[in-house]
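Student: Got a minute to go through this model with me? I'd like to start with the charged side chains.

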Amino acid sequence: MSKSGIRWAAVLAAMLPAFAGQAVEPSVWLGSDWNGAMPHAIRLRLDAGGGDLRLGAPLACTVPLKRDADVYVVGLSVAGGAACDRLLGRRLTVTRDGGEMRLGGVSAASLTLYPAGDATTAAGAQTLMLREARGGAVELALDAAVLGQRSGKWYQYGAGGCQVILELAALKPGQQWHVFTANSNGGRCDRLVGGTIMLAPTSGGLPVVRDGNGGAVVLVPK
């Protein structure tokens with residue numbers, strides 16, 4: 001090797017440790033957790049120093065994570081919420097299992113998360129025109145979304161007309177759950193905040209809707 005080649009080899013060797021210490025590209029993983037019949041999305045973002053964890057609506061809060069050897073320590077919530085406050089100081093574990101990840105420490109059982117770009121985490125767009133059994137017309141407009149993203153709107157027509165934003169909370173084969181977020185413009189929609197919409201072939205083509213108190217919202221085709 002020439003003298004100039006030796007000098008370049010020495011320079012590259014000196015640079016490698018510096019590159020090795022730089023932050024790696026963030027890795028984003030998505031999944032769902034359940035509180036009884038109520039789901040919420042989980043979004044985990046990891047980088048070399050830690051990352052952050054978001055609990056989706058209706059909890060809607062985020063905590064920072066700091067890496068400590070093989071675990072991630074939860075810091076003070078950066079987007080308020082009692083659910084995230086309860087995680088302060090908790091030590092989370094992450095384990096790769098093929099194309100999945102196991103997240104431990106958030107719930108009693110470990111959670112299964114999937115890469116954010118995985119097509120299995122997406123729900124398609126559709127619009128349903130419905131009517132409450134008590135009379136009011138309803139439009140359910142769903143957008144294509146991944147877990148934890150805005151997934152559409154619920155429009156309530158008639159007296160006390162209103163609308164509320166939805167978020168995709170959970171997916172299973174042939175089933176999807178959307179949560180009514182706190183982003184409501186009032187009126188009759190306030191009763192829905194924190195409730196859910198479930199769509200599945202077994203529901204007869206009609207969504208199964210629960211309000212924020214768990215009560216059934218009975219719908220019929222328009």
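Student: Is Arg102 buried, exposed or partly exposed?

Tutor: This is a predicted model. In it, Arg102 counts as partly exposed, because its relative accessibility is 26%.

Student: Which residue does Arg102 meet in a salt bridge?

Tutor: Asp97. The closest approach given for the two side chains is 3.2 Å, N to O. Asp97 is partly exposed too, with a relative accessible area of 42%.

Student: How many salt bridges does the count come to?

Tutor: The count comes to 9. One of them joins Glu132 and Arg188.

Student: How far apart are the closest N and O atoms of Glu132 and Arg188?

Tutor: They are 2.8 Å apart. The pair links distant parts of the chain, 56 residues apart. Glu132 sits in strand E10, residues 126–132. Arg188 is in the loop between E15 and E16.

Student: And burial? Is Glu132 buried or exposed?

Tutor: Glu132 counts as buried, because its relative accessibility is 3%. Arg188 is partly exposed, at 25%.

Student: Which residues are linked in a network of salt bridges?

Tutor: Arg43, Arg45, Asp47 and Asp52. Within that group, the side chains of Asp52 and Arg45 meet at 2.9 Å, N to O.

Student: Why does Asp52 count as buried?

Tutor: Its relative accessibility is 17%, and the cut-off for buried is under 20%. So Asp52 falls on the buried side.

Student: Switching to cysteines. How many disulfides does a search of the whole structure find?

Tutor: It finds 2. Cys61 and Cys84 form one of them, with sulfur atoms 2.1 Å apart. That pair links distant parts of the chain, 23 residues apart. Cys61 belongs to strand E4, residues 61–68, and Cys84 to helix H2, residues 82–85.

Student: Why is the disulfide of Cys61 and Cys84 right-handed?

Tutor: The torsion about its S-S bond is about 90°, so the disulfide is right-handed. Both cysteines, Cys61 and Cys84, are buried.

Student: What does Cys162 form with Cys189?

Tutor: A disulfide, again with the sulfur atoms 2.1 Å apart. The link of Cys162 and Cys189 is right-handed, with 85° about the S-S bond. This pair also links distant parts of the chain, 27 residues apart. Cys162 is in strand E14. Cys189 is in the loop between strand E15 (175–184) and strand E16 (196–199). Both Cys162 and Cys189 are buried.

Student: What pattern do the disulfides of the chain follow?

Tutor: Counting bonded cysteines along the chain, the pattern is 1-2, 3-4.

Student: On to strands. In what order do the 9 strands of the open sheet run?

Tutor: The order is E18-E17-E16-E15-E14-E13-E11-E10-E19, and the pairing is antiparallel. At the edges are strand E18 (216–217) and strand E19 (219–221), each of which pairs on one side only.

Student: Pick a pair from it. Over how many bridges do E13 and E14 pair?

Tutor: Over 6, in the antiparallel sense. Strand E13 covers residues 150–156 and strand E14 covers residues 162–172. As an example of the register, Tyr155 has Gln163 in E14 as its bridge partner.

Student: Now E1. Over how many bridges do E1 and E2 pair?

Tutor: Over 9, antiparallel. E1 is residues 27–35 and E2 is residues 38–46. Ser32 has Ala41 in E2 as its bridge partner. The two strands form a hairpin with 2 residues between them. Gly36, in the turn, has a positive phi of about 65°.

Student: And what about E1 with E8, how many bridges?

Tutor: E1 and E8 (residues 111–115) pair over 2 bridges, antiparallel. Leu30 has Tyr114 in E8 as its bridge partner.

Student: Which strand do 3 bridges join to E8?

Tutor: Strand E7, residues 100–104, running antiparallel to E8. The bridge partner of Met101 in E8 is Leu113. E7 and E8 form a hairpin with 6 residues between them. In that turn, Gly105 has a positive phi of about 110°.

Notes
Residues are numbered from 1 along each chain as its sequence is written. This is a predicted model: local features need pLDDT of at least 70, side-chain atom pairs count only at pLDDT 80 or more; totals for chains, interfaces and linings use all residues. Side-chain values use heavy atoms; hydrogens and water are left out. Two strands pair if DSSP finds at least two bridges between them. Helices (H or I, at least four residues) and strands (E, at least two) are DSSP runs, numbered from the N terminus. A disulfide is a pair of cysteine sulfur atoms within 2.5 Å. Buried means under 20% relative accessible area, exposed over 50%, partly exposed in between (1.4 Å probe, protein chains only). A salt bridge is a side-chain nitrogen of Lys or Arg within 4 Å of a carboxyl oxygen of Asp or Glu.
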